[in-house]
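Subject: Structure for you to look at

Dear colleague,

I am passing on the structure we spoke about, together with some notes on what was found in it. Please have the model open while you read, as the notes go from one region to the next.

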Amino acid sequence: HWFILPADPMKLLSRPWTIITMQFSELKTIVAISNLIWLWTFGYLVQDLVGSDKVIPIYVYGAFFAGLAFFITSQIAFPDNTSRLFFNGPAAGILALAIAATTISPSYKFFPMLGGGIPLWIITAIYVALNGVALASSPLLFVPHLAAALSGFVFIKMLVRGNDGGRWMNNFFNAVANAFTPKKNGSASIRTTSFYQQGKTKAFVKKHGVTQERIDMILDKINQKGYENLTEDEKNILKKASKEGL
């Protein structure tokens with residue numbers, strides 16, 4: 001109870017960190033293992049389609065808005081019983097990733113060697129159905145998971161329009177990482193100054209001409225025709241842009 005999100009406002013005030021820790025807390029071992037498998041599946045797809053720097057923001061947004069929806073719904077539906085209600089959000093974060101990946105390319109094929117493959121939207125439908133069965137015993141959790149799914153959908157729609165909702169989060173993580181990275185002091189080595197810094201001309205640097213307009217065109221094509229209809233050159237440009245933060 002010190003790591004999952006309480007519905008009781010007083011408990012939440014005394015444990016504000018649970019809005020973060022509940023996103024990575026699970027109560028049952030078998031459910032945790034299942035969540036890890038689904039996280040790998042949908043996280044890999046998001047990473048492959050729009051870049052690895054989008055995985056954590058989508059997951060965090062999904063779990064956060066699910067927790068917020070749970071807290072608000074609890075106050076409305078069970079105002080006298082909030083002290084017994086708690087929420088943990090790994091499944092909500094994974095659902096956001098699932099909806100995000102499906103929004104990008106619903107016809108992405110799994111196991112293409114089996115009759116042409118299984119479309120991604122079917123895999124997502126199976127995951128949603130399994131979640132629905134698990135949530136049937138607790139209708140209060142439907143609203144939070146709906147909020148998580150909506151956050152994944154909105155994140156991708158914003159990204160297609162050129163608005164990266166995860167940029168600030170990645171900038172924050174980079175700033176924290178850089179704060180603990182020691183700076184290199186001292187002058188260059190004799191080997192460097194003697195052999196590698198003698199020329200006056202700059203080394204040739206190949207520029208790929210990846211512009212924001214080009215990225216927007218590729219994202220529009222994904223939105224209209226699906227990721228699988230991109231050319232290899234377009235896929236490489238998208239992956240390069242995601243690594244460079246464009």
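The largest pocket has a volume of about 670 Å³, and please keep in mind here and below that the model is a predicted one. Its lining is made up of 22 residues, and those that lie nearest the centre of the pocket are Glu26, Val31, Ala91, Ala134 and Leu135. Two or more lining residues come from each of α3, β2 (86–87) and α6.

As for the chain as a whole, it holds 11 helices and 4 strands, and of its 246 residues 40% are buried. If one takes the contacts between residues at least 6 apart in sequence, 68% of them join residues that are at least 24 apart.

The nonpolar interior comes next. The largest nonpolar core has 40 residues, and within it the most contacts are made by Phe42, Ile58, Tyr127, Ile156, Ile222 and Leu238. At least two residues of this core are supplied by each of α3, α4, α5 (90–104), α6 (120–135), α7, α10 (212–225) and α11 (232–244), with α5 giving the most, namely 10 residues. To take Phe42 as an example, and leaving aside residues up to four places away in sequence, Phe42 touches Ile94, Leu97, Ala98, Leu120, Ile123, Thr124 and Tyr127. Apart from the largest core lies another one, of 12 residues, which includes Ala7, Met22, Ala66 and Phe70.

The charged residues may also interest you. The count of salt bridges comes to 2, and Asp53, Lys54 and Asp164 are linked by them in a network. In the bridge between Asp53 and Lys54, the closest N and O atoms are 3.1 Å apart, while the side chains of Lys54 and Asp164 meet at 3.7 Å, N to O. What does the pair of Lys54 and Asp164 tie together? Lys54 lies in the loop between α3 (29–50) and α4 (55–77), whereas Asp164 lies in the loop between α7 and α8, so the pair ties together parts that are 110 residues apart in sequence.

Are the residues of this network buried or exposed? The cut-off for buried is a relative accessible area under 20%. Lys54 has a relative accessibility of 4% and therefore counts as buried; Asp53, at 17%, is buried, and Asp164, at 15%, counts as buried as well.

Asp164 deserves a few further words. The loop that holds Asp164 runs between α7 (142–160) and α8 (167–179), and a polar atom of the Asp164 side chain lies 3.0 Å from the backbone nitrogen of Gly166. Not counting residues up to four places away in sequence, Asp164 touches Lys54, Phe155 and Leu159, so that among the contacts of Asp164 one finds Lys54, its partner in the salt bridge described above.

With best regards

Conventions:
Residues are numbered from 1 along each chain as its sequence is written. This is a predicted model: local features need pLDDT of at least 70, side-chain atom pairs count only at pLDDT 80 or more; totals for chains, interfaces and linings use all residues. Side-chain values use heavy atoms; hydrogens and water are left out. A polar contact is a pair of N or O atoms within 3.5 Å; within protein, one must be able to donate a hydrogen and the other to accept it, and residues adjacent in sequence count only if both atoms are side-chain atoms. Contact means heavy atoms within 4.5 Å. A salt bridge is a side-chain nitrogen of Lys or Arg within 4 Å of a carboxyl oxygen of Asp or Glu. Buried means under 20% relative accessible area, exposed over 50%, partly exposed in between (1.4 Å probe, protein chains only). A nonpolar core is a set of buried Ala, Val, Leu, Ile, Met, Phe, Trp, Tyr and Cys residues joined through side-chain atoms within 4.5 Å. On a 1 Å grid over the protein atoms alone, a cavity is a set of points where a 1.4 Å probe fits but cannot get out, and a pocket is an open set with protein on both sides within 12 Å along at least five of seven lines; lining residues have an atom within 4 Å of a point. Grid points are joined across faces, edges and corners, and a volume is the space filled by probe spheres set on the points.
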